[in-house]
Amino acid sequence: GLALNASLSADPDACKPQTQASCRTGLSFSWVCTDSSGKVCRNKVDSTRVVLGTGALATLDLASMDLDLESYLEVAVTVSKGQRSATQAVRLKLSSQEVVDVEVEWRGER
């Protein structure tokens, strides 16, 4: 599967000097996968919605998904704390060719 990792997410307002642990306290995560037509990703066997979980880490099992005629998938994570939230998405191009293992890391502003 494809490993998804949002564990570096942080609340800059909660950060205390000299510690990053306080930046991550109380965060909740919500993952969504959509296909190239904007519809929610579905499982191949029973057409149920692909569920990625609510933790900082998630796994996308591409082999179990209905990917016929799709050119890409978009995976988004929303990180929330109280009434505040932020969302980041990544578009994954699909190919029938064999690909090598890769790691993608977001280094945007915090």
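In the predicted model, Glu 74 has a relative accessible area of 27% and is therefore partly exposed. Glu 74 forms a salt bridge with Arg 91. The closest N and O atoms of this pair are 3.7 Å apart. Glu 74 belongs to strand S4 and Arg 91 to strand S5, so the contact ties together parts that are 17 residues apart in sequence. Arg 91 has a relative accessibility of 52%. The cut-off for an exposed residue is over 50%, so Arg 91 counts as exposed.

Arg 91 has a further partner. It lies over the face of Tyr 72, at 3.9 Å from the ring centre. Arg 91 thus takes part in a salt bridge with Glu 74 and also sits over the ring of Tyr 72. As for contacts between rings, the count of aromatic pairs is zero.

The structure holds three salt bridges. Side chains of opposite charge can pair when their charged atoms come close. Besides the pair of Glu 74 and Arg 91, salt bridges join Lys 81 to Asp 11 and Asp 13 to Arg 84.

The side chains of Lys 81 and Asp 11 meet at 3.2 Å, N to O. This pair links distant parts of the chain, 70 residues apart. Lys 81 is in strand S4, which covers residues 72–81. Asp 11 is in the loop between strand S1 (2–5) and helix H1 (21–24). The two partners can also be described by their accessibility. Lys 81, with a relative accessible area of 28%, is partly exposed. Asp 11 stands at 12% relative accessibility. Buried means under 20%, so Asp 11 counts as buried.

Asp 13 and Arg 84 form a salt bridge through their side chains, at 2.5 Å from N to O. Asp 13 lies in the loop between S1 and H1, while Arg 84 lies in strand S5 (residues 84–93), so this pair ties together parts that are 71 residues apart in sequence. Both Asp 13 and Arg 84 are exposed.

A separate feature concerns the backbone. Ser 47 is not a glycine, yet it has a positive phi of about 60 degrees. Ser 47 lies in the loop between strand S2 (28–35) and strand S3 (57–60). Its relative accessibility is 45%, so Ser 47 counts as partly exposed.

Methods. Residues are numbered from 1 along each chain as its sequence is written. This is a predicted model: local features need pLDDT of at least 70, side-chain atom pairs count only at pLDDT 80 or more; totals for chains, interfaces and linings use all residues. Side-chain values use heavy atoms; hydrogens and water are left out. Helices (H or I, at least four residues) and strands (E, at least two) are DSSP runs, numbered from the N terminus. Buried means under 20% relative accessible area, exposed over 50%, partly exposed in between (1.4 Å probe, protein chains only). A salt bridge is a side-chain nitrogen of Lys or Arg within 4 Å of a carboxyl oxygen of Asp or Glu. Rings of Phe, Tyr and Trp (its six-membered ring) pair if their centres lie within 6.5 Å; planes under 30 degrees apart count as stacked, over 60 as edge-to-face and the rest as tilted. A charge sits over a ring if NZ of Lys or CZ of Arg is within 6 Å of the ring centre and within 35 degrees of the ring normal.
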